[in-house]
Amino acid sequence: MTTHHDLPAVADPDRLFPADPTTRAVARELFALVEKAPILSPHGHVEPRLLADDVSFTDAATLLVTPDHYVTRLLHANGVGLDRLRPSEDTSPRDVWRAFCAGWPAFAGTASGYWIASELHHVLGVGQPSEKHADALFDDIGAVLARPDHRPRSLFRRFGIEVLATTDDPLDPLDTHARLAAAEDRSGGPDAPLGGRVIPTFRPDRYLAAGAPAWSAAVDELIAVAGDGHTGYVGYLTALANRRAHFVAHGAVSADHGVATPETLDLDPVPARELFDRLRATPVAERDPADVAAFEQHMLVEMARMSVDDGLVMTLHPGIHRNHHPETFARYGPDTGHDIPVRTDFTAALRPLLSRFGTEPGFHLVLFTTDETTFSRELAPLAGFYPSVYLGAPWWFLDSPYAIRRFREAVTETAGFSRSSGFVDDTRAFLSIPVRHDAARRVEAGVLARLVTEHRITQSQAAGIIVDLVDATPRRVFKLPSRPGA
C-alpha cells in the first residue's frame, strides 16, 4: 500500500551496512545467517494486556506519536507544545498526526526517524510522513490497523518473537501472564497460540526508593501482602523474596533496577534494620539524604543476594536525571521526554556488590548505561574480569545504529563478544521490535565484516559469532531455554 512517496531509504536491502563494497559484501553474507532468526526480547516494556486482550490498535497518533517520548521531546524542542501531541477534547488524533507530519523533517538522521520510517514501510506497508499527505497517510494506517492480520497477536506471530519479557510491579498478581500462558494450550480463533512466551520481569524500584513520597505506603502494602506475618525489616525482606518467588513461578528470568546511580553499600543486618526503621519513622521531607542514599545502595546489594539465591538475572539501568523540567513534570507527569542522561561511574560504585558476589557461581549482572564514556574505561574491564558481569546493549539515547556500532568498537577489544548480553530492545513500542532487532543484526554484521576484511578474524569465525550474538548469547546471559529442536 506504499503511497505518496518514492521508496524510503529504509527500503534499501543494504541499509546500515558499511559503505565500502568489499566490507558490505561480507556483511550481507553474515546478516543472511541471522536475518530470519527468532526474536529474543529479554527486557522491554510492552504491556502484556496488549497481547492478552488482542484489541486492534486505534490510530497512527496514539500508536506512534503520543506514547513515544523520543518523538514528543524532539517535536517539543522544535516548538510544538505537548498539548498538541496528545488527544483531548480540543485535539483529535488526526490533529496530533498532522503536527507530527509537519515536524517530520526534524527526524532526519535520528534513531526515532529510522524506527518510524521502518515501521511504516516494513510493518504497515504504507508511505512516509509529510505535511502535505498527513491526512491520507493517517487514513491508510487506520485501514491497515483495522485488519485482523495487524492485531497484536497476529503481529507477534509475524514478527517471529520467541520470548518477550515485560516489566512488572512486584505486587502484580500476574493474572495477565497466566492468561497468556493458558492461551498457548488452545488452538484456532483469536486465542490461537502466540508461538512464543510472554514472561514477567520483577521491577522493585518503588519499594526500594526510600526518598520517594510513596515509599512508606508501598512498603506497608508489600509487607501486608507477602510478609508471612512478619513486620519491620524482616517482613520487608521476606515479602521481597516471596514476590520474587512468585515471579519465578510465572516464568520470570530477571529482576530489573532503574536507579539514579549504581552506588552500592554492604551493611551488616543490624545497622541495615536500624536504618530501615529510622527511615520508616521519619516523614519524607525530613529524611536525611545520606540515610536515603545508604539504604538504597544497600538494597542493591540485598537484591544481588536474592539473585544469587533464586537465580534471577540482575539488570541495572542507572544514569538518568528524571523529570528535568519541573513545570512539564507538574503538568504532564513522568515519561514526557525530559529525562536526561548524566555521567555515571561504575568501578568504585559497584565494588561493594562485586566484592561479595562478583565471582559467585550462577550470578548474572547485566550493566546498562546512557554514558558511553564508560564503555571502554569501566564497563568492558569489569566484564573482562568478573564472570558475573555482562555488558548490556546500548540503552536509551544510545539505542541507535551508530551508538550500537560505537559500543561494539569500544568494548570488544577488552571484553570480546562473549561478555555482552546480545541485543536488548528495551522498548514500549511494540511495532518497533522487529525493526530494532533487524537494525542491531545489520550493525553487528557490519562490525564483524570490518574485522574480517581487516584480517583480524576469519569469516567463519564471524559467522559463528553473529549467530551466537543473536541466539545463544541472550539465552546464556538471561538463562533462557534453548530453542526447541536446537
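This is a guided tour of several helix pairs and individual residues in a predicted model, arranged as a series of selections to make in the viewer.

**First stop: helices α13 and α14**

Begin by selecting helix α13, residues 269-281, together with helix α14, residues 289-310. The two helices pack with their axes 10 Å apart and at an angle of about 130°, and they are therefore oblique to each other, since an angle counts as roughly antiparallel when it is over 145 degrees. If you turn the view so that one helix lies in front of the other, the crossing in which α13 passes α14 is left-handed. To see the contact itself, show the side chains of A272, L275, F276, R278 and L279 on α13, which meet D291, V292, A294, F295 and H298 on α14. Sorted by class, this contact of α13 with α14 holds seven nonpolar residues, one polar residue and two charged residues.

Now move along α14 to D310, which belongs to that helix and is partly exposed, with a relative accessible area of 28%. A polar atom of the D310 side chain lies 3.0 Å from the backbone nitrogen of L312. If you then add A241 to the selection, you will find that its C-alpha is 8.6 Å from that of D310, although 69 residues separate A241 and D310 in sequence.

**Second stop: T264, in the loop before α13**

Next select T264, which sits in the loop between strand β4 (254-259) and helix α13. Is T264 buried or exposed? With a relative accessible area of 5%, T264 is buried, because the cut-off for that class is under 20%. Its side chain reaches the backbone oxygen of A349 at a distance of 2.7 Å. Once neighbours within four places in sequence are set aside, the residues in contact with T264 include Q297, L300 and V301, and also the run A349, L350, R351, P352 and L353.

**Third stop: helices α17 and α18**

Select helix α17, residues 374-383, and helix α18, residues 401-415, whose axes come within 9 Å and cross at roughly 45°. That makes α17 oblique to α18, and the crossing in which α17 passes α18 is right-handed. On the α17 side the contact is formed by F375, S376, A380, P381 and A383, while α18 contributes R406, F407, A410, V411, T414 and A415. By class, the contact of α17 with α18 has eight nonpolar residues, two polar residues and one charged residue.

**Fourth stop: helices α18 and α19**

Keep α18 displayed and add helix α19, residues 433-453. These two helices pack at an angle of about 40°, and their axes are 9 Å apart, which makes α18 oblique to α19. Here too there is a right-handed crossing, in which α18 passes α19. The residues to show on α18 are P401, I404, R405, R408 and E409, and on α19 they meet V443, E444, V447 and R450. The contact of α18 with α19 divides into four nonpolar, no polar and five charged residues.

**Last stop: D426 and T427, in the loop between α18 and α19**

Finish with the loop that joins these two helices, starting with D426, which is found there. At 15% relative accessibility D426 counts as buried. Which side chains make polar contacts with the side chain of D426? One is that of H43, at 2.8 Å, and another is that of H45, at 2.9 Å. With G44 selected as well, you can check that the C-alpha atoms of D426 and G44 are separated by 4.0 Å, although they are 382 residues apart along the chain. Beyond its neighbours within four places in sequence, D426 is in contact with H43, G44, H45, H317 and W395.

T427 is found in the loop between α18 and α19 as well, and it is buried, with a relative accessible area of 4%. A polar atom of the T427 side chain lies 2.9 Å from the backbone nitrogen of A429. Leaving out residues up to four places away in sequence, T427 touches G44, H45 and V46, and also S432, I433 and R436. To end the tour, display G44 and H45 together with the two loop residues, for both are touched by T427 and both are in contact with D426.

Technical notes: Residues are numbered from 1 along each chain as its sequence is written. This is a predicted model: local features need pLDDT of at least 70, side-chain atom pairs count only at pLDDT 80 or more; totals for chains, interfaces and linings use all residues. Side-chain values use heavy atoms; hydrogens and water are left out. Axes are lines fitted to C-alpha atoms, for helices over the stretch in contact, and angles run from 0 to 180 degrees between N-to-C directions. Helices (H or I, at least four residues) and strands (E, at least two) are DSSP runs, numbered from the N terminus. Angles under 35 degrees count as roughly parallel, over 145 as roughly antiparallel, 65 to 115 as roughly perpendicular and the rest as oblique. A crossing is left-handed if the near helix is turned anticlockwise from the far one by less than a right angle, and right-handed if clockwise. Contact means heavy atoms within 4.5 Å. Ala, Val, Leu, Ile, Met, Phe, Trp, Tyr, Cys and Pro count as nonpolar, Asp, Glu, Lys and Arg as charged, and the others, Gly among them, as polar. Buried means under 20% relative accessible area, exposed over 50%, partly exposed in between (1.4 Å probe, protein chains only). A polar contact is a pair of N or O atoms within 3.5 Å; within protein, one must be able to donate a hydrogen and the other to accept it, and residues adjacent in sequence count only if both atoms are side-chain atoms.
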